[in-house]
Structures are given as structure tokens and as C-alpha cells.
Amino acid sequence: NRILLTRSVDRSVGRSVGTSRRVRMRSALSTLIAWTFACAAITHGGALDACTRACAQPLRYFYVPRVDDDDDGGDAARDGGADANDDGGSRRRRRARERREKKEADAFARSAVASVDLAFESLRRRASFAEADACCFLGFLVACESVGAWALRACANAPDDALTPVLAAAGVVTACASLVAAYANRETTPSGERRVACGVGFAAWMASTFAVFLLPTTVVDFRHVESADAVNEALARGGATARASTLHAGLAHAVVGALIAALTLSSAVRMTKSYLTATNIPEWAATYAGTSSTPLWRRFVLHTTFAAPLLTLVVSAPSMLAEPLRWSDQSARDAQSISFIIAGLCMFASMQPLTQAFLDGGLIAWYEVKEGTDRERLTEREHFIVSRKLDVTNHLVGKVLLQVAAPALLLLSCGIGAWSCGWTSASDASPISIVAAALFTNIGYFACAWSVITGAITIVMSQPLFTSR
């Protein structure tokens with residue numbers, strides 16, 4: 001009996017080992033196939049263009065027409081050669097009439113502005129467009145891969161896919177690196193903007209430290225206790241004697257919050273100003289501004305984008321939804337992840353109206369300068385100011401695209417990463433999954449929280465009480 005029992009145990013152990021090996025092989029095979037399709041899509045240049053075209057096109061920009069001063073002597077010679085039989089009086093009258101017409105045309109040209117559709121080939125040559133293009137494509141790749149992994153898991157009982165959190169982490173790193181590159185670009189970012197971002201990051205580090213340790217879990221759960229326990233478990237498995245405390249995990253999360261605040265500062269300010277411009281287009285510009293041709297569905301998505309970070313903060317507070325509705329911890333975390341994903345997708349869909357609103361700001365600036373004077377034509381100084389403003393606006397269009405695409409990729413990746421790390425139960429989750437889920441959730445939460453604070457301050461500072469000073 002003892003021999004038979006030993007053989008049966010050996011068979012069961014052998015079957016379980018074989019099953020686990022098959023599961024690992026299926027997971028590795030699915031990961032290899034996904035990476036193969038991903039690499040094939042990346043090497044196909046049309047996929048990059050298709051994603052960015054769908055998010056950013058069409059765009060219309062404005063410029064001041066250049067006026068060339070012709071030589072009056074040459075005109076007179078041509079007039080004389082045109083009709084040599086006319087007497088001197090008729091030639092003088094003709095030249096006077098043409099000079100008057102030219103002067104009127106010159107005055108009209110110096111006081112007018114022209115609009116041209118921004119071709120995609122021209123858009124690709126703008127500064128920071130390459131980073132925005134990569135963010136759009138990587139967001140599309142992360143979203144498609146996560147949908148495919150979820151479908152296989154739900155329909156075919158496939159094992160947990162390790163590629164989804166890896167792609168999500170790559171999306172977070174790419175978004176942060178793109179924002180750092182935008183700050184480091186001296187062609188589009190002045191030094192004052194970088195200094196302000198550093199100062200805001202230091203202040204945000206202190207505020208984030210107080211928030212992590214002092215805010216009750218009914219407001220937000222940063223999971224620094226779970227992270228410290230997971231790190232200690234991983235260290236114990238590796239045989240290390242060092243241990244991480246809750247203080248270490250909390251300070252690490254506070255540093256992450258400070259970095260996110262500094263990186264997303266200019267993006268939040270730019271998106272808030274563009275949203276105010278898109279929703280408050282003057283009546284005189286309704287025919288000329290590109291925002292006036294925005295479809296209704298994109299206008300709805302634009303309003304949803306502006307409200308999504310605040311709704312995400314509400315969903316993240318257990319006392320607001322989870323406790324009244326008696327959700328489980330897993331349901332609350334899934335709802336928070338879904339809110340991150342919705343916010344990121346809405347930002348991607350709002351790239352065109354927000355960028356177009358930024359370009360329409362040049363038209364509004366031209367009108368304010370033109371109507372601010374009683375003269376029929378602009379002076380040389382006013383003409384230079386308006387022309388310079390429109391040139392700078394057109395030059396920064398690539399940076400504006402990046403300032404919308406990078407936060408969108410950041411929120412989308414955080415939502416998908418936190419959602420994929422929560423596929424396994426808490427008892428079966430590895431320490432790496434627990435720490436990764438906490439990081440994904442905290443990065444997304446800090447991005448939403450600081451964008452709400454920055455947007456509120458920008459709206460207040462944009463009021464006439466402050467702008468008139």
C-alpha cells in the first residue's frame with residue numbers, strides 16, 4: 001500500500017509539473033507571437049503615420065502674408081514701354097492710380113491674415129513631432145495588445161500574459177522620457193519654463209510626502225504598506241538581510257508624485273488654455289477658426305477629457321463610491337484602472353481640437369492687435385509683433401501635440417498596467433506584481449491630481465481680474 005501510494009503521488013506530481021510546464025510554454029509562445037507582431041508593426045512606417053493622422057488631423061494654421069515692395073522706377077519704365085503713344089499727363093495719371101491701388105493693397109495685406117491647411121508632411125518636420133508620433137503609436141500598441149490578452153483570457157482561458165504589464169511600463173517610461181525631451185529642447189522651451197518646473201517639482205515633493213503619510217485611506221490608498229511588505233518578501237526570498245520600512249515606500253511614492261508633477265506641469269497648463277480657447281471662440285471667429293469645424297462627437301470627448309481627471313479622483317476615493325456601493329477591493333481597483341484608461345483614450349481623441357485651439361489663439365491675437373488701434377493699417381512694429389506671434393504659434397504645434405499625447409499615453413499605460421497586474425488574486429500575486437500595481441496606480445493618481453490642481457489655478461489666473469493687470 002505504501003508503494004502504491006508513493007507511485008500515485010509521483011504520478012500526480014508529474015502531471016502537475018507537466019501542466020505547469022505546458023502553461024509556461026503557452027505563455028512564452030503567446031508572448032513571442034505578440035512580440036513578433038509588435039516588431040512587424042513597428043517596422044512598418046505606415047502604422048506610425050496612421051495613428052498620428054487619426055489623432056491630430058486636420059489642422060489649420062494662420063500667417064501674415066509677406067509684402068514685397070516693388071521698384072516704382074521699374075514700374076514707371078514698364079508703364080512707359082507699355083504705351084509709348086500716350087502723352088505725359090495720361091502716363092502720370094496712370095502711374096498715380098496704380099501707386100494708389102498698390103498702396104491700398106499693401107495696407108490690406110499688412111492688416112490681413114491668411115489661413116492654410118497644415119499638411120501632414122509639413123507637420124512631421126516640426127520640433128517634438130517624433131516624440132508625439134511615438135507616443136501615439138505606442139498607445140495604440142498597448143491598447144490593442146491588452147484587448148487581445150483580455151479576449152484570450154476571457155474566451156480561451158489563456159494564462160496571464162506577461163507582455164501587457166511590460167508594454168504598460170514601456171509606455172510610462174516613453175511618456176516621461178518624451179516630456180523630459182520636450183523640456184530639454186532649447187528650441188521650443190525657454191529656460192524659465194524649466195526653472196518653474198523644477199520649483200513646482202520640489203514643492204510637489206513636500207506636498208506629496210504629506211499626502212502619502214497623512215491622508216486617510218478613505219480618501220486615497222497609496223498602498224505603501226503593501227509595497228513595503230512585498231519588497232521585504234522578495235528580499236527574504238533572495239536571502240538578503242536588509243528590510244524596507246513603510247517610511248521608505250512612502251518616500252519613494254512621494255518622489256514619484258513630485259516627478260509626475262514637474263513633468264506634467266506645462267502639459268496641464270497648455271491643455272487647460274487650449275480647452276478655454278476651444279470652448280470660448282468669439283462670434284467673429286466662428287467662420288474662420290478651425291475649432292468651429294470640430295465634429296460634435298469630438299466636442300463631447302473634449303468636455304469629457306477636461307472632466308476625466310476629476311472623476312478619476314472621485315473613483316479613487318473609497319469613501320465616495322467603493323464604500324457606499326459595497327465594492328470589493330478588486331472591484332474598486334478595476335474601476336480605478338478603467339477610469340485611467342478612459343481618461344487616456346479621451347486625451348488621445350482630443351489631440352486635434354486642443355491643438356487646433358492653440359493655433360486659433362494666433363488668430364485671436366491678430367484680431368486683438370488689429371482692433372486695438374484706430375488706424376486702418378498696422379504699423380511696422382504691430383505688423384512685426386503679429387507676424388512673430390503667428391510664427392511662434394505655428395512653430396510650437398509639434399510640442400503641443402506632444403503635451404497632449406504624452407499624458408494620454410501615461411494615463412492609458414497606468415490604467416492597463418494596474419489592471420493587468422490585478423488579474424491574479426492577492427494571495428497568488430508575486431511581490432513584483434504588487435509593487436508594479438502600486439506604482440502604476442500612484443503614477444496615474446498623481447498625474448490626475450496635479451493636473452486638476454494646475455488646471456484650476458490656470459483657470460483662475462486666466463480670468464479678466466488677473467489678465468487685465
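Buried here means under 20% relative accessible area, and exposed means over 50%; anything in between is partly exposed. Keep those cut-offs in mind, and remember that this is a predicted model.

**Stop 1: helix α14**

Select residues 329-349. This is helix α14, with 21 residues. At 1.5 Å a residue it should span 30 Å, and its end C-alpha atoms sit 31 Å apart, which agrees. Now color the buried positions. They are Ala335, Gln336, Ser337, Ser339, Phe340, Ile341, Ala343, Gly344, Cys346, Met347 and Phe348. Keep Met347 highlighted for the next stop.

**Stop 2: the cavities**

How many cavities of 30 Å³ or more does a search of the whole structure find? There are two. The largest has a volume of about 80 Å³. To see its walls, select Thr264, Ser267, Ala268, Met271, Pro309, Met347, Pro407, Leu410, Leu411, Ala447, Cys448 and Ser451. Three helices give two or more residues each to this lining: α11 (265-279), α17 (397-421) and α18 (431-461). Met347 of α14 is buried, and Met347 is also among the lining residues.

**Stop 3: the largest pocket**

Stay on α11 and look for open space. The largest pocket holds about 950 Å³. Its lining has 32 residues. Begin with those closest to the pocket centre: Arg270, Lys273, Ser274, Thr277 and Lys389. Then show the elements that supply two or more lining residues, which are α8, α11, α15 (351-371) and α16 (380-395).

**Stop 4: the nonpolar patch**

Follow α8 to the surface. Select Phe202, Trp205, Met206, Phe210, Phe213, Leu214, Leu247, Leu251, Val255 and Leu259. Together they make a nonpolar surface patch of about 980 Å². Which elements each supply at least two of the patch residues? They are α8 (191-214) and α10 (246-263). The largest share, six residues, comes from α8.

Pick out Val255 on the α10 side. Its relative accessible area is 39%, so Val255 is partly exposed.

**Stop 5: the salt bridges**

A search of the whole structure finds five salt bridges. Three of them are worth a click, starting with a pair that involves α8.

- Lys399 and Glu193: the side chains meet at 3.4 Å, N to O. Lys399 is in helix α17 and Glu193 is in helix α8, so the pair ties together parts that are 206 residues apart in sequence. Lys399 has a relative accessible area of 2% and is therefore buried. Glu193, at 22%, is partly exposed.
- Arg53 and Glu121: this salt bridge is 3.7 Å, N to O. Arg53 belongs to helix α2 and Glu121 to helix α5, and the two are 68 residues apart. Both ends are partly exposed: Arg53 has a relative accessible area of 37%, and Glu121 has 48%.
- Asp117 and Arg60: here the distance is 4.0 Å, N to O. Asp117 is in strand β2 (residues 114-117) and Arg60 in strand β1, with their positions 57 residues apart in the numbering. Asp117 is exposed at 59%, whereas Arg60 is partly exposed at 22%.

**Stop 6: unusual backbone**

Most residues other than glycine have a negative phi, and most peptide bonds are trans. Three places in this model go the other way.

Go to Gln57 and Pro58 first. A cis peptide bond joins them, with omega about -5°. Pro58 is in the loop between α2 (45-56) and β1 (60-63).

Next, select Ser128. Its phi is positive, near 70°, and it is not a glycine. Find it in the loop between α5 (120-123) and α6 (129-155). Is Ser128 buried or exposed? Its relative accessibility is 9%, so Ser128 counts as buried.

Finish at Arg326. This residue also has a positive phi, about 55°, without being a glycine. Arg326 sits in the loop between α13 (318-322) and α14. Arg326 is exposed, with 77% relative accessibility. From here, α14 brings you back to the first stop.

Notes
Residues numbered from 1 in each chain as written. Heavy atoms only, no water. Patch = residues over 30% accessible without salt bridge, like charges linked within 9 Å, V, L, I, M, F, W, Y side chains within 5 Å. Areas by Shrake-Rupley, 256 points an atom, 1.4 Å probe, with all protein chains shown as cover. Helix = DSSP H or I, 4+ residues; strand = E, 2+ residues; numbered from the N terminus. Buried < 20%, exposed > 50% of the residue type's maximum accessible area, 1.4 Å probe, protein only. Expected span 1.5 Å × (residues − 1). 1 Å grid on protein atoms, 1.4 Å probe; cavity = no way out; pocket = protein on both sides within 12 Å on 5 of 7 lines; lining within 4 Å. Points joined across faces, edges and corners; volume = space filled by probe spheres on them.
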